[in-house]
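This briefing is for a reader who is new to the structure shown below. Please look through the sequence and the model before reading on.

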Amino acid sequence: MRLRSNEVICVFGRKGSGKSYWIKQHLAKIPARQSLWVWDPVSEYAGPSAEVPLHSGSLFYSMRSMLEAAKAGKLGKRVVLQAPRAEFDLFCTFAYRTGRVTVVVDEINLFCSPSKCPAPLLELLRIGRHAEVDLIFAARRPAEVSRDLTAQSDKTVVFKTIEPADLDFFSKVCGKAFAERLPNLAQYRPELWKG
């Protein structure tokens with residue numbers, strides 16, 4: 001399986017709904033020869049608290065250590081980064097400059113808001129296709145993230161949703177029939193919309 005060049009996937013759902021699990025299942029289908037970098041602010045993908053860690057992932061706690069490994073040719077194809085939030089822009093810039101990588105950002109709402117999105121993240125979204133960067137973002141609600149993310153999304157994966165404002169958003173973006181299915185979804189069973 002190969003994500004299409006610069007494919008953008010947004011995953012939404014309440015805590016415990018299955019977002020990270022779905023992403024991990026999706027990532028397991030990506031061949032080991034392809035580069036995969038995960039920004040992991042809540043230790044879901046690596047480390048002692050990860051219930052299902054990313055297979056064969058190298059864990060880094062700073063961009064400095066990740067850059068040093070890259071410079072030494074020891075970065076590996078599977079990278080999990082649990083770095084300080086202040087290093088997120090550098091992570092995005094490095095992903096764009098390196099290219100040919102699938103980037104996952106869990107809890108993307110920690111780094112952007114409906115009214116603000118960091119320039120390096122926008123660069124990945126808008127012109128990442130030139131560097132063959134695929135993106136997967138996860139957040140609880142679409143109202144918590146920049147509209148740039150949802151507008152650039154090729155696929156939207158949504159778990160059970162009952163919040164009226166969110167249902168209204170999905171109705172407008174994905175269609176009324178899609179939104180009407182969301183309150184009745186079983187746990188860990190998302191609905192997929194291809195935009």
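Which residues of α3 are buried? They are F88, F91, C92, T93, F94 and A95. The model is a predicted one, and the points below start from this helix and move on to the sheet and the cores.

**Helix α3 and its surroundings**
- The cover over the buried residues of α3 includes β2, α2, β4, β5, α4 and β6.
- Helix α3 lies across four strands, namely β2 (35-39), β4 (78-81), β5 (101-105) and β6 (133-139).
- Relative to β2, α3 runs at about 170 degrees.
- G99 follows α3 and has a positive phi, near 70 degrees.

**Packing of α2 against α3**
- Helix α2 covers residues 63-71 and helix α3 residues 88-98; their axes come within 10 Å and cross at roughly 20 degrees.
- Angles under 35 degrees count as roughly parallel, and α2 and α3 are therefore roughly parallel to each other.
- On the α2 side the contact is made by M63, M66, L67 and A70, and on the α3 side by L90, F91 and F94.
- The residues of this contact divide into 7 nonpolar, no polar and no charged.

**The sheet**
- The model has an open sheet of 8 strands with mixed pairing, in the order β3-β4-β2-β5-β6-β1-β7-β8.
- Its edge strands, β3 (58-60) and β8 (191-194), each pair on one side only.
- From one strand to the next, the twist averages 15 degrees.
- Strands β1 (residues 8-12) and β7 (residues 155-158) run parallel and are joined by 4 bridges.
- V157 in β7 is the residue that stands opposite V11.
- Helix α4 (residues 119-127) lies across β1 and β6, and its direction is at about 120 degrees to β6.

**Nonpolar cores**
- The largest nonpolar core holds 45 residues, of which M66, I108, L121 and L149 touch the most other members.
- Helix α3 gives this core its largest share, 5 residues.
- M66 thus appears in two places: among the residues that touch the most other members of the core, and in the contact of α2 with α3.
- Leaving aside neighbours within four places in sequence, I108 is in contact with F88, L121, F137, A138, A139, V145 and L149.
- A second core, separate from the largest one, has 16 residues, including I23, L27, L54 and I136.

How values were computed
Residues are numbered from 1 along each chain as its sequence is written. This is a predicted model: local features need pLDDT of at least 70, side-chain atom pairs count only at pLDDT 80 or more; totals for chains, interfaces and linings use all residues. Side-chain values use heavy atoms; hydrogens and water are left out. Axes are lines fitted to C-alpha atoms, for helices over the stretch in contact, and angles run from 0 to 180 degrees between N-to-C directions. Angles under 35 degrees count as roughly parallel, over 145 as roughly antiparallel, 65 to 115 as roughly perpendicular and the rest as oblique. Contact means heavy atoms within 4.5 Å. Ala, Val, Leu, Ile, Met, Phe, Trp, Tyr, Cys and Pro count as nonpolar, Asp, Glu, Lys and Arg as charged, and the others, Gly among them, as polar. A nonpolar core is a set of buried Ala, Val, Leu, Ile, Met, Phe, Trp, Tyr and Cys residues joined through side-chain atoms within 4.5 Å. Buried means under 20% relative accessible area, exposed over 50%, partly exposed in between (1.4 Å probe, protein chains only). Two strands pair if DSSP finds at least two bridges between them.
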